[in-house]
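Please give a short tour of this structure for someone who has it open in a viewer. Say what to select at each stop and what is found there.

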Amino acid sequence: MQPETRSQGLGEALAVWALLAADVVAVLVVYSLVDPSELHNVTRDGLAGGLGRALVQLNFPVAIAAVGVTLLALDRLPRRAWWAGGAALALLAVVAVPGVVDEDDLDAKAANTLPALGVVVAVALTVAAARRAGTSLAPRLPWDAARVVVALVAVVLSLPWLAAELGFYLPGGLGVFRTDEPYREPGEAITASVHLGHHHGFAGTLLLLAGLLLSRAAVQGRRLRHVYRAAVSLLLAYAAVNLLVQDFWHEQVVKRGWTGWDVPSAITPGAKPVWLVTLALAVVVALLLAAERHRAHPEALAVA
């Protein structure tokens with residue numbers, strides 16, 4: 001291995017799994033206990049409802065974050081691991097098939113078992129890679145302080161969603177956020193501005209935090225390094241533009257009546273301007289990550 005990766009374990013990947021696992025457990029509990037009428041586009045209650053919604057959560061956002069984790073694990077494993085890794089990536093990709101995760105119907109479907117199975121394989125690969133390479137984190141990088149700032153800003157903006165994810169409204173919105181104030185979407189019934197349960201904006205926060213962690217990890221294989229950087233960059237751009245910014249703007253700006261213009265949704269890929277913005281941002285992020293890596297390890301310039 002190159003000096004950059006010789007001492008690095010799977011610490012970042014394990015941290016991502018811990019973050020996502022905690023969220024899935026929260027979804028399981030809340031959707032088992034809270035009446036579906038207070039949640040978003042689900043109809044089943046009790047333990048069956050909680051398990052079904054947790055299964056969907058393993059599709060979105062977990063399966064999306066699992067792509068980068070799988071690539072990182074494969075870099076630390078023998079080449080034969082690609083048989084399992086390729087299968088995992090194919091299963092994870094099913095989440096992009098239209099209808100597998102439908103924002104208007106978040107009850108579990110049979111198709112949701114496929115990306116969830118990909119997540120299980122990805123976890124197994126991560127454990128195998130951690131046993132081989134260890135659990136250490138990457139050494140300090142030049143822009144780690146910027147990562148911390150971005151993460152803190154994202155978490156602060158996500159406080160209403162974090163509370164909703166745990167099954168309650170942020171008390172008084174802390175005097176800043178709109179939370180349980182009634183709001184009527186065009187053609188729909190009156191609901192709380194921030195409904196209980198999971199929000200796709202919070203999925204964006206989770207993906208952003210996952211991307212920030214994964215962006216610290218170095219990959220040895222030359223070709224895989226570029227694929228990994230592209231995947232992580234797209235993950236960060238997708239989280240920021242499509243989820244965190246869009247949902248926060250809609251709930252905290254549009255619902256206050258400050259403007260009627262909404263940030264377009266780009267939950268699903270498509271030939272639309274918002275996806276051009278997302279891809280452009282991903283390119284910028286990839287260039288920044290490459291510059292940071294070269295600044296931290298100038299010797300890598302010869303092989304990058």
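The tour goes through the enclosed cavities, then an open pocket, then one helix beside that pocket. Keep in mind that this is a predicted model.

**Stop 1: the largest cavity.** A search of the whole structure turns up 3 cavities of 30 Å³ or more. Begin with the largest, which has a volume of about 140 Å³. Select Ser215, Ala217, Tyr228, Arg229 and Arg293: of the 13 residues in the lining, these lie nearest the centre of the cavity. Next, colour helix H9 (222–252) and helix H10 (273–296), each of which supplies at least two lining residues. H9 gives the most, with 4 residues. By class, the lining of this cavity consists of 7 nonpolar, 1 polar and 5 charged residues.

**Stop 2: the second largest cavity.** Move to the second largest cavity, which holds about 40 Å³ of space. To see its lining, select Val42, Arg44, Ala48, Gly49, Gly52, Arg53, Leu106, Asp107 and Ala108. This lining has 4 nonpolar, 2 polar and 3 charged residues.

**Stop 3: the second largest pocket.** Now turn to the second largest pocket, with about 440 Å³ of space. Its lining is made of 20 residues; select Val150, Leu208, Leu212, Leu236 and Val285 for those closest to the centre. Two or more lining residues come from each of helix H6 (144–157), helix H8 (200–214), H9 and H10. H6 has the largest share, 6 residues. In the lining of this pocket, 17 residues are nonpolar, 1 is polar and 2 are charged.

**Stop 4: helix H6.** Select H6 alone and check its length. At 1.5 Å a residue, its 14 residues should span 20 Å, and the end C-alpha atoms are 20 Å apart, so the two agree. Within H6, show the side chains of Asp144, Arg147, Ala151 and Ala154, which are buried. Which part of the helix do these buried residues line? Look down the axis of H6: the buried residues fall within an arc of 85 degrees, so they line one face of the helix. In general, an α-helix has 3.6 residues a turn, so residues three or four places apart point the same way.

Then rotate to the other side of H6, where Ala145 and Leu152 are exposed. To finish, bring back the neighbouring helices: H8, H9 and H10 are among the elements that cover the buried residues of H6. These three helices also supply lining residues to the second largest pocket, as H6 does.

Key. Residues are numbered from 1 along each chain as its sequence is written. This is a predicted model: local features need pLDDT of at least 70, side-chain atom pairs count only at pLDDT 80 or more; totals for chains, interfaces and linings use all residues. Side-chain values use heavy atoms; hydrogens and water are left out. On a 1 Å grid over the protein atoms alone, a cavity is a set of points where a 1.4 Å probe fits but cannot get out, and a pocket is an open set with protein on both sides within 12 Å along at least five of seven lines; lining residues have an atom within 4 Å of a point. Grid points are joined across faces, edges and corners, and a volume is the space filled by probe spheres set on the points. Ala, Val, Leu, Ile, Met, Phe, Trp, Tyr, Cys and Pro count as nonpolar, Asp, Glu, Lys and Arg as charged, and the others, Gly among them, as polar. The expected span of a helix is 1.5 Å times one less than its number of residues. Buried means under 20% relative accessible area, exposed over 50%, partly exposed in between (1.4 Å probe, protein chains only). The arc is that of the directions from the helix axis to the C-beta atoms. Contact means heavy atoms within 4.5 Å.
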